[in-house]
Amino acid sequence: MGEMMVGELKDIPAVIIRPTIITSTYKEPFPGWVEGIRTIDSLAIGYAKGKLTFFLGDLEAIVDVIPADMVVNAIIVAMIAEARHQQPQTIYQVGSSIRNPLRYSNLQDYGFRYFTKNPWINKDGKPVIVSKVRVMNSMDSFQRYMAFRYLLLLKGLELANAAFCHFFQGVYSNLNRKINWVMRLVDIYRPYLFFNATFDDLNTEKLRMTARTSLVENDMFYFDPISIDWEDYFMNIHIPGIVKYIFK
């Protein structure tokens, strides 16, 4: 809707930037910087703390992520290009799914390896031992799992709690809170978990080519995801960054 409104402003020079899932910084202001919980980070937090033991989605699907500083650099270069060569409004898709695809199976592997080597220490001072996440590849399998594993137990606790004058209120509330947390995650991420498309970034690649040939400070305004080694980025930059800056 915002893009549609901008599109009606014919006399105002504008460019449209469409970043995909934004992750912690690749280099600037320093590697791994992030503020607040961003999209995939809530999964990492739940997994590290032992709250996320299964995953719903297609492990071979592409998860389109891009570091925050690359998004900022793309915005700056797009502004410069627009100022030099004013054209009809251009849309720049800033992501990695075409140039350097990352898959959910990669995230599963990186998370398991990192938190096996560097376990989260819980409030009791004990390390949280993680294991490979169980994967469910359809909503039907997820709903069956939740019904037999948790919802029946929750219903039984609800009846017992009512019969015994709320004696099981603490246990019931704790389980209910955890189930609601999982269901909320599923609701948030459902559009992404089975999404198998990639995003055309041809305009952004043309912008990169222009920057390479005409910007003296081209190295300063890097935003090509092909330069990212995802294993190194997640194992040594992104996951340590979210552990340092947003884990609580």
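Is Glu231 buried, partly exposed or exposed, and what is its relative accessible area? Select that residue to begin the tour, keeping in mind that this is a predicted model. Glu231 turns out to be partly exposed, with a relative accessible area of 35%, a value that lies between the 20% under which a residue counts as buried and the 50% over which one counts as exposed.

**From Glu231 to its partner**

Next, add Arg113 to the selection and show both side chains, because side chains of opposite charge can pair when their charged atoms come close. Glu231 and Arg113 form a salt bridge in which the closest N and O atoms are 2.6 Å apart. Glu231 belongs to helix α8 and Arg113 to helix α4, so the salt bridge ties together parts that are 118 residues apart in sequence. Arg113 is partly exposed, with a relative accessible area of 31%.

**Along helix α8 to a surface patch**

Now follow helix α8, which covers residues 230-245, as far as Tyr245. Tyr245 has 32% relative accessibility and therefore counts as partly exposed. If you also select Phe30 and Trp33, you will see the residues that, together with Tyr245, make a nonpolar surface patch of about 250 Å².

**A network of salt bridges**

Move on to Glu205, which is found in helix α7 (residues 202-214), and which is buried, with a relative accessible area of 16%. Its side chain meets that of Arg212 in a salt bridge, with 3.3 Å from N to O, and Arg212 is partly exposed at a relative accessible area of 43%. Glu205 also forms a salt bridge with Arg99, where the closest N and O atoms are 3.6 Å apart. That pair links distant parts of the chain, 106 residues apart, since Arg99 sits in the loop between β5 (90-94) and α4 (104-117). Arg99 is partly exposed, with a relative accessible area of 25%.

To view the wider arrangement, select Asp201, Arg208 and Asp224 as well, as these residues are linked with Arg99, Glu205 and Arg212 in a network of salt bridges. In the whole structure, a search finds eight salt bridges.

**Two helices that cross**

Finally, select helix α2 (residues 40-48) and helix α6 (residues 169-193), whose axes come within 11 Å and cross at roughly 155 degrees. This angle makes α2 roughly antiparallel to α6, because angles over 145 degrees count as roughly antiparallel. The crossing of α2 and α6 is left-handed.

Terms used. Residues are numbered from 1 along each chain as its sequence is written. This is a predicted model: local features need pLDDT of at least 70, side-chain atom pairs count only at pLDDT 80 or more; totals for chains, interfaces and linings use all residues. Side-chain values use heavy atoms; hydrogens and water are left out. Patches are made of residues with over 30% relative accessible area and no salt bridge: like charges are joined within 9 Å, nonpolar side chains (Val, Leu, Ile, Met, Phe, Trp, Tyr) within 5 Å. Accessible areas come from the Shrake-Rupley method with a 1.4 Å probe; for residues, only the protein chains shown count as cover. A salt bridge is a side-chain nitrogen of Lys or Arg within 4 Å of a carboxyl oxygen of Asp or Glu. Helices (H or I, at least four residues) and strands (E, at least two) are DSSP runs, numbered from the N terminus. Buried means under 20% relative accessible area, exposed over 50%, partly exposed in between (1.4 Å probe, protein chains only). Axes are lines fitted to C-alpha atoms, for helices over the stretch in contact, and angles run from 0 to 180 degrees between N-to-C directions. Angles under 35 degrees count as roughly parallel, over 145 as roughly antiparallel, 65 to 115 as roughly perpendicular and the rest as oblique. A crossing is left-handed if the near helix is turned anticlockwise from the far one by less than a right angle, and right-handed if clockwise.
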